[in-house]
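This report describes how a ligand is held by its protein and then turns to a feature of the protein surface.

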Amino acid sequence: METLEFQSEARQLLQLMIHSIYSNKDTFLRELVSNASDALDKLRLESFRDKDMKVDVDDLHIVIETDPAERTLTVRDNGIGMTREDVVRLIGTIAKSGTAEFLRQLKEQQSSTSSDLIGQFGIGFYSSFMVADKVTLVTKYPHAEKGVRWESTGESTYTIEDVDDAPQGTSVTLHLKPADDEDRLPDYTEPAKIREIVKRYSDFITWPVRLGGEEINSRKALWARPASEVTEEEYAEFYRHISHDWNAPLETIRMQAEGTFEYQALLFLPSQAPLDLFMRDSKRGVQLYVKRVFIMDDCAELMPEYLRFVKGVVDAADLSLNVSREILQQDRHIQLMRRRLVKKVLSSIKSLMSSRTEDYLKLWREVGAALKEGLLSDFDNRDAILEICSFASTHSESELTSLADYVSRMKEGQEHIYYMTGDSRTAVENSPHMEALRAKGYEVLILTDPIDEMWVDSVPSFDGKPFQSVAKGQVDLETEEEKSANEAKAAEFADLLSWMSTSLAEDVKEVRLSTRLTTSPACVVGDAHDITPTLEKMYKAMGQELPKIKRILELNPSHPLVEGLHKAFAAGERESLADTAELVYGLALLAEGGELADPSRFVKLVADRVQRTF
Ligand code: ADP
């Protein structure tokens, strides 16, 4: 017998369980039954693939046994089991992505709210320690010679030893804490209690769950039952079973297709983003069943990556039970099905948007950044995705706007949907690029998600209205009158502009007069296809080398600083003007929240100037 230590994260979670104030302790049984059900699914699949496997798959089932005298509760399955290595890896450590994040959040919160977080994380097997002070697990993997016995009190260590006579599958025996009404710890050796919990949480489990020789779950697949007969609570429990998210889903979507390729789908939108939504190895896709038989988890062929927060089940009638990922990738029916699923999800979000706006906004805040990835990857549904996007805008301090609402507020003669990207709302609002638009009362979308930088470059328009960055290209807001006045100014400033272009040639590709400034002396803008400074920063942060990007310096001809510059230039001044030009460029960079290439040089130039005023 060996005594081993739990990994430190596992230890922390166990402590949480032992001292849990989570009020709904019944859920431990759901977790154990859910694990047993997964183990039976796996064994059946394995036996399809490996015909030589010496296992009995004729009567796969889950048995629950209680012993009031010993105060034990056992959940037993004859499923896939675990090897000794599996037990150490799966039970002794927590490898789930998002665990570190979960623990960090937990540390930040007071213990009074930690129970909610526990609920969100779904800690599976460890939840046994909410109700037991010792847990014994005996398991055998079909190809392993011996079985394994694992035992722990949930403190820092566990024991593990080989056993010769372990039966196929896994049994988990809980040595129950004393029942205690005050601590809301019911007597889990009561058959009636067990029956009630299984009925409530695990009724849909496709394998028989037996108690005292009797089957206590109805085993009906939810998606195969008439929608009118399934309760919200049943959907919620099923959602928890497949998603490991303990929150109720925000929306349930059902689909059915008859005919040559028959399938049923039961999909869920989450009320909270999965913790791993933006992690590299995040899970995606829905579960695939064939005629009620579980085939695979995370079937990526059925759901595009940008909809990875959608969980659920697709049950296809006409696939082979042996279907592999390779086959799925090439199957025309699967592709057709995926297209329909995607359209259905997008249209469901659209109807949420109009009928349950609060819920829509909740969803958007949680998963909007993922959804927007679809603007780059799902060309066919681009318009449908744009319709369900919401953005911050200068129209409101706190409320988001849809593009349709933006368009409905567009001014007479306004042709573009104006936007500005940046690090934060404040940076965008204070940027000099916004001045003329503000002065003219045009609404500007404020885009601050990193993904915004990407999609705005590839999505040309919405509802026939082109997107236009206020920091790129020429912003064409002038009246005819203003236009001719500006042309006159440009002629007047032509020599200064060309001299400055040469003087600042290291940093900018052009110096020109601006039509977008009212109060600032200058700003820096990009050409329509230049990458933005934020994007440049993102690429650099990812370690990508980029060639130096030169942008355009725009001057405000009615600003006293620029007027002064013009006068000095006309008077023949050159030497100190080169410094001034550099200063103006530096100010423009600082105004948009940008970084100076050589801050110390800039400081010296400013200090010199200030000194001269004394
Ligand atoms: P989760 O089920 O969320 O992955 P758990 O802590 O409940 O997390 O279980 C960890 C892993 O241990 C499971 O993913 C599974 O691989 C394995 N496991 C748990 N219970 C069983 C069981 N009854 N039979 C086989 N493997 C199991």
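## Polar contacts of the ligand

In this predicted model, a nitrogen atom of the ligand lies 3.2 Å from an N or O atom in the side chain of threonine 170. The protein covers 83% of the 530 Å² of accessible area that the ligand has on its own.

Two further side chains approach the ligand through N or O atoms. For asparagine 35, the partner is an oxygen atom of the ligand, at a distance of 2.7 Å. For aspartate 77, the partner is a nitrogen atom of the ligand, at 3.0 Å.

## Composition of the shell

The ligand is surrounded by 14 residues, of which Asn35, Asp77, Phe125, Thr170 and His244 are the closest. By class, the shell contains six nonpolar, five polar and three charged residues.

Helix H2, spanning residues 27-49, and helix H3, spanning residues 84-92, each contribute at least two residues to this shell. The greatest contribution is that of H2, which supplies three residues.

## A nonpolar surface patch

On the protein surface, Leu561, Leu587 and Leu590 form a nonpolar patch of about 220 Å². Leucine 590 belongs to helix H20, which covers residues 575-591.

Why can leucine 590 count towards such a patch? Its relative accessible area is 42%, and leucine 590 is therefore partly exposed; patch residues must have over 30% relative accessible area.

Notes:
Residues numbered from 1 in each chain as written. Predicted model: local features only at pLDDT ≥ 70, side-chain atom pairs only at ≥ 80, totals over all residues. Heavy atoms only, no water. Patch = residues over 30% accessible without salt bridge, like charges linked within 9 Å, V, L, I, M, F, W, Y side chains within 5 Å. Areas by Shrake-Rupley, 256 points an atom, 1.4 Å probe, with all protein chains shown as cover. Salt bridge = Lys/Arg side-chain N within 4 Å of Asp/Glu carboxyl O. Helix = DSSP H or I, 4+ residues; strand = E, 2+ residues; numbered from the N terminus. Buried < 20%, exposed > 50% of the residue type's maximum accessible area, 1.4 Å probe, protein only. Near = heavy atom within 4 Å. Polar contact = N/O pair within 3.5 Å; in protein donor to acceptor, adjacent residues only side chain to side chain. Nonpolar A, V, L, I, M, F, W, Y, C, P; charged D, E, K, R; others polar.
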